[in-house]
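Me: Hi! I'd like to talk through a structure before I head back to the bench. Could you pull it up for us?

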Amino acid sequence: ALYSAESAQYIKYVALPNVQVYNNASTDTTLTENSNYGCSEQIALDCLDLLASYLFQTGFLCKKAVRGRIEEWQDILLNLLQSSDVCRRWFAANYLFNTPNRFYQYLLDCPMSDVRASFAFIIVTLAKLNIPNPLLSLSKLNT
């Protein structure tokens, strides 16, 4: 039952500790040269995949009573996106640009104003986080 409060709580339960573990590993300079950092980054990517899949396939489409406050989901997602350039590029390539109607679906067609505002905030924050990064071609985004 994907459209239940229990499944939403389970996704949060799985995602939130992994966000905290990865953020702690990425700030520790001794781990950046260690293989644990790569493992932590892979966990962050897996967590981001789980979270984004849930949000775009279920969470943004269900009633507020089921998913809870959108700001909680937004905070978890943005913490993962802030954690690394790899996570941001992967998210943009796989969840924003890989689906042609994603922007229309969540910015224009969505009947829930909190979802529209949250999606717009995610896009703006993602753009701001990528300001210092070099420009990439679309072919490099898919790698």
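Me: What share of the residues in the protein is buried?
Reply: Happy to help! This is a predicted model, and in it buried residues account for 39% of the 143 residues.

Me: And what about the surface, how much area does the protein expose?
Reply: About 8,200 Å² is exposed, and carbon and sulfur atoms supply 57% of that.

Me: How many helices and how many strands are there?
Reply: The protein has eight helices and zero strands. Reading from the N terminus, the order is α-α-α-α-α-α-α-α.

Me: Okay, which residues have the most contacts inside the largest nonpolar core?
Reply: Those are Leu51, Phe56, Phe60, Leu77, Leu81 and Phe91, in a core of 31 residues. Two or more residues each come from helix 1 (5–27), helix 2, helix 4 (70–83), helix 5 (85–96) and helix 7 (113–129). Helix 2 provides the largest share, with nine residues. As background, nonpolar side chains in soluble globular proteins tend to be buried together.

Me: Let's zoom in on Phe91. What does Phe91 touch, leaving aside its neighbours within four places in sequence?
Reply: Phe91 is in contact with Leu48, Ala52, Phe56, Leu77, Leu81, Leu96, Ile122 and Leu126.

Me: Phe56 turns up there too. Which residue forms an edge-to-face aromatic pair with Phe56?
Reply: For context, the structure holds twelve aromatic pairs. In one of them, Phe56 meets Phe119 edge-to-face, with 6.0 Å between the ring centres and 85° between the planes. That pair links distant parts of the chain, since Phe56 is in helix 2 and Phe119 is in helix 7, 63 residues apart.

Me: Is Phe56 buried or exposed? And Phe119, buried or exposed?
Reply: Phe56 is at 5% relative accessibility, so it counts as buried. Phe119 is buried as well, with a relative accessible area of 0%. The cut-off for buried is under 20%.

Me: Which residues make up the aromatic cluster?
Reply: Phe56, Phe60, Trp90, Phe91, Tyr95, Phe97, Phe103, Tyr106 and Phe119 form one cluster.

Me: What about charge, which residue has its charged end over the ring of Phe56?
Reply: That's Arg102, whose charged end is 4.3 Å from the centre of the Phe56 ring.

Me: Switching to salt bridges: how many does a search of the whole structure find?
Reply: The search finds six. One of them joins Lys12 and Glu72, where the closest N and O atoms are 2.3 Å apart. Lys12 lies in helix 1 and Glu72 in helix 4, so this bridge ties together parts that are 60 residues apart in sequence.

Me: Is Lys12 buried or exposed?
Reply: Lys12 counts as buried, because its relative accessibility is 11% and buried means under 20%. Its partner Glu72 is partly exposed, with a relative accessible area of 34%.

Me: What else does Glu72 meet in a salt bridge?
Reply: Glu72 also meets Arg69, at 3.8 Å from N to O. Arg69 is partly exposed, at 47% relative accessible area. Lys12, Arg69, Glu71 and Glu72 are linked together in a network of salt bridges.

Me: How about Asp85, which residue forms a salt bridge with Asp85?
Reply: Arg89 does, and the closest N and O atoms are 2.8 Å apart. Asp85 and Arg89 both lie in helix 5, four residues apart, or about one turn of the helix. Asp85 is partly exposed at 23% relative accessibility, and Arg89 is partly exposed at 24%.

Me: New topic, Thr58. Where is Thr58?
Reply: Thr58 is in helix 2, which covers residues 35–59. Thr58 is buried, with a relative accessible area of 4%. In space its C-alpha is 7.0 Å from that of Tyr3, while the two residues are 55 apart in sequence.

Me: Last one. Of the contacts between residues at least 6 apart in sequence, what share joins residues at least 24 apart?
Reply: That share is 73% for this protein. The Phe56 and Phe119 pair, 63 residues apart, is one link between distant parts of the chain that you could look up in the view.

Methods:
Residues numbered from 1 in each chain as written. Predicted model: local features only at pLDDT ≥ 70, side-chain atom pairs only at ≥ 80, totals over all residues. Heavy atoms only, no water. Buried < 20%, exposed > 50% of the residue type's maximum accessible area, 1.4 Å probe, protein only. Core = buried A, V, L, I, M, F, W, Y, C linked by side-chain atoms within 4.5 Å. Contact = heavy atoms within 4.5 Å. Phe/Tyr/Trp six-rings, centres within 6.5 Å; stacked < 30°, edge-to-face > 60°. Lys NZ or Arg CZ within 6 Å of the ring centre and 35° of its normal. Salt bridge = Lys/Arg side-chain N within 4 Å of Asp/Glu carboxyl O. Areas by Shrake-Rupley, 256 points an atom, 1.4 Å probe, with all protein chains shown as cover.
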